[in-house]
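Hi everyone, thanks for coming. Today I'd like to walk you through the strands of a structure that may be new to you. Let me put it up on the screen.

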Amino acid sequence: MSARLIRAPIASAQPKHGLPPGGGKTLLPPAVEPDIAGVFSRLGEVERCEFYIDPDPNSQLLMTLLLTRALAAGIEHRRLFLVHAPARWGQVDASTPPERVASPTQAEERHLSAAASFWSAYCAPTPEAWLGLRHQDMALFPFLENARDALLDDLPRRDTGLGACERLALETIGIEGAKVNELFGAFYREPARLIDLPQIVSLLGSLASGAAPLIDGLEGRLGADDVLEDADACDRFRESRVRLTDVGHKILAGELDFVKTHGIDRWWGGTRLTGRKCWRWDHRTRSLAHPAED
């Protein structure tokens, strides 16, 4: 599954009676539901199903969603096996047997119930439940705690207002500027990569627009959906050399606050971050700052 669950509109609805937390209906990106339906249609035809799971945060979220749906659907957990790779499965040499990379773990009821609590926390209208995830539950999944921390770091920081993705973009551009292609490379080298190409394009477009742009120099503005459809425009976009504006320099230096200067309107799980309702992350004290404290 290639569906993106980070910086996408995911909002919890009331769970249906009798389903576990997170087992109710959710508002997911349109591409997600058909993927899930495809997985579960095949589950009914096999005695054993192995989920090959990458360590990045989006893959960890997809794992929790699939296990939550499996629990809600009454799937026999003994048929499910989790195969956690220390690096992306797509980077494994095709000639390497999967068992040399990672051994399958048979799912237990506790895996499914823990996954349901994770998914419910991510879909909640505030990030408080996500911060409060139990360590004994996260320990069931080898890369879940890293994903939890990476997603908390993508909340606007209390001191600068920058999320992890904005911060990485500005730091990569730096004083001397950078080609957009270098920015793409920085995101793809990040161990806990949060967003992929279409979302990086959207991020750069956002940083280059508004009443107080942080960057300039983008050649040929692209939308997230244009990336794979117009190769020539994408090439021009990649070769753009971008620079920080005066506002961008000041925000990167901590002299201005990103949220207060540029504004914000994006999703973090089921939490909508806007200027008036912007939860923040204090990375020094590892605590959340309520919007009322901003």
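Let's begin with one pair of residues: D265 stands opposite T274 in β10. Please keep in mind that this is a predicted model. D265 belongs to strand β9, residues 265-268, and 4 bridges join β9 to β10 in an antiparallel arrangement. Together β9 and β10 make a hairpin, with 2 residues between them. In that turn, G269 has a positive phi of about 60°.

Now look along β10, residues 271-274. Which side chains are buried there? T271 and L273 are, and they point to one face, while R272 and T274 point to the other and are not buried.

Next, the sheets. As a reminder, strands of a sheet pair through backbone hydrogen bonds, either parallel or antiparallel.

One open sheet has 3 strands in the order β3-β4-β5, with mixed pairing. Its edge strands are β3 (49-53) and β5 (105-106), and each pairs on one side only. β3 and β4 (residues 80-84) run parallel, joined by 5 bridges. Within that pairing, F51 has L82 of β4 as its bridge partner. Helix α2, residues 57-72, lies across β3 and β4 and runs at about 155° to β3.

Another open sheet, also of 3 strands, has the order β6-β8-β7 and antiparallel pairing. Here β6 (178-179) and β7 (215-216) each have a single partner strand, so one side of each lacks a neighbour in the sheet. From β7, 2 bridges lead to β8, residues 241-244. There, D216 stands opposite R243 in β8.

Thanks for listening, everyone!

Technical notes:
Residues numbered from 1 in each chain as written. Predicted model: local features only at pLDDT ≥ 70, side-chain atom pairs only at ≥ 80, totals over all residues. Heavy atoms only, no water. Pairing = 2+ DSSP bridges. Helix = DSSP H or I, 4+ residues; strand = E, 2+ residues; numbered from the N terminus. Contact = heavy atoms within 4.5 Å. Axes fitted to C-alpha atoms, helices over the stretch in contact; angles between N-to-C directions. Buried < 20%, exposed > 50% of the residue type's maximum accessible area, 1.4 Å probe, protein only.
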